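User: I would like to go through this model step by step. Could we begin with its interior?

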Amino acid sequence: MPSPPPAIVARSLELRAVDPASPAAAALVADFVAEIAPRYPGFEPNRQPAAPLDAFTPEAGGVFLVALRESEPIACAGLQRLDDTTGEVRRVFVSEGARGGGVARTLLSALLESARDLGYERVRLDTGDRLPEARSLFLAFGFRDIADYN
């Protein structure tokens, strides 16, 4: 499978495909979990249908992107393989101070391009009713409601 480009730079925003265990990725995922937990009382990330970090590597048919502005990590998103033709978007997160400037749109666009490059015919994701910002983004990209799949 072809791997995504190591870096894309657009409008002072740099997107990098990184090791999902890297310090930048780990810090952003920790911020993601910290933001999700209060919205879902009892949320325990280790009990969710979470992808292991190696699911976001090219060897496993995935990718993990980090967005940087002035060399500072401000956002992330991962893509994992569900099956030979289906990828899944996971862990989309934009730091609070970077929201509202199109970072999530740029990141999701790049992630979907990576999915095409990896040969996926469809991409799925799930999001909760307490994440209206994410839901709006995904609907704007043409995602639609389907039955729970995980």
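User: How many residues does the largest nonpolar core have, and which have the most contacts inside it?

Analyst: In this predicted model, the largest nonpolar core has 26 residues. Ala67 and Leu79 are the ones with the most contacts inside that core.

User: Which helices and strands each supply at least two residues of this core?

Analyst: Four strands do so: E2 (13-17), E3 (63-69), E4 and E5 (86-94). Helix H2 (103-117) and helix H3 (132-140) also supply at least two residues each.

User: And where does the largest share come from?

Analyst: The largest share comes from H2, which contributes 7 residues to this core.

User: What does a second, separate core include?

Analyst: The second core consists of 13 residues and is separate. Among them are Val29, Ile36, Phe56 and Leu68.

User: Back to Ala67, then. Which residues does Ala67 touch?

Analyst: Leaving aside residues up to four places away in sequence, Ala67 touches Leu13, Glu14 and Leu15. Ala67 also touches Glu72, Pro73, Ile74 and Ala75, as well as Val103 and Leu107.

User: Changing topic: what lies in the loop between E3 and E4?

Analyst: Glu70 lies in that loop, and Ser71 lies there too. Glu70 has a positive phi of about 50°, although it is not a glycine. Ser71, which is not a glycine either, has a positive phi of about 70°.

User: Does Glu70 count as buried or exposed, and why?

Analyst: Glu70 counts as exposed because its relative accessibility is 74%, and the cut-off for exposed is over 50%.

User: What about Ser71, buried or exposed?

Analyst: Ser71 has a relative accessibility of 62%, so Ser71 counts as exposed.

User: Now Asp83. Where does Asp83 lie?

Analyst: Asp83 lies in strand E4, which covers residues 72-83. Asp83 has a relative accessible area of 33% and is therefore partly exposed, as this class falls between under 20% for buried and over 50% for exposed.

User: What does the side chain of Asp83 reach?

Analyst: The side chain of Asp83 reaches the backbone nitrogen of Thr86 at 2.9 Å. In addition, the backbone nitrogen of Thr85 lies 2.9 Å from a polar atom of the Asp83 side chain.

User: One last point: how many residues apart in sequence are Asp83 and Gly61, and what separates them in space?

Analyst: Asp83 and Gly61 are 22 residues apart in sequence. In space, the two are 9.3 Å apart, C-alpha to C-alpha.

Note on methods:
Residues numbered from 1 in each chain as written. Predicted model: local features only at pLDDT ≥ 70, side-chain atom pairs only at ≥ 80, totals over all residues. Heavy atoms only, no water. Buried < 20%, exposed > 50% of the residue type's maximum accessible area, 1.4 Å probe, protein only. Polar contact = N/O pair within 3.5 Å; in protein donor to acceptor, adjacent residues only side chain to side chain. Core = buried A, V, L, I, M, F, W, Y, C linked by side-chain atoms within 4.5 Å. Contact = heavy atoms within 4.5 Å.
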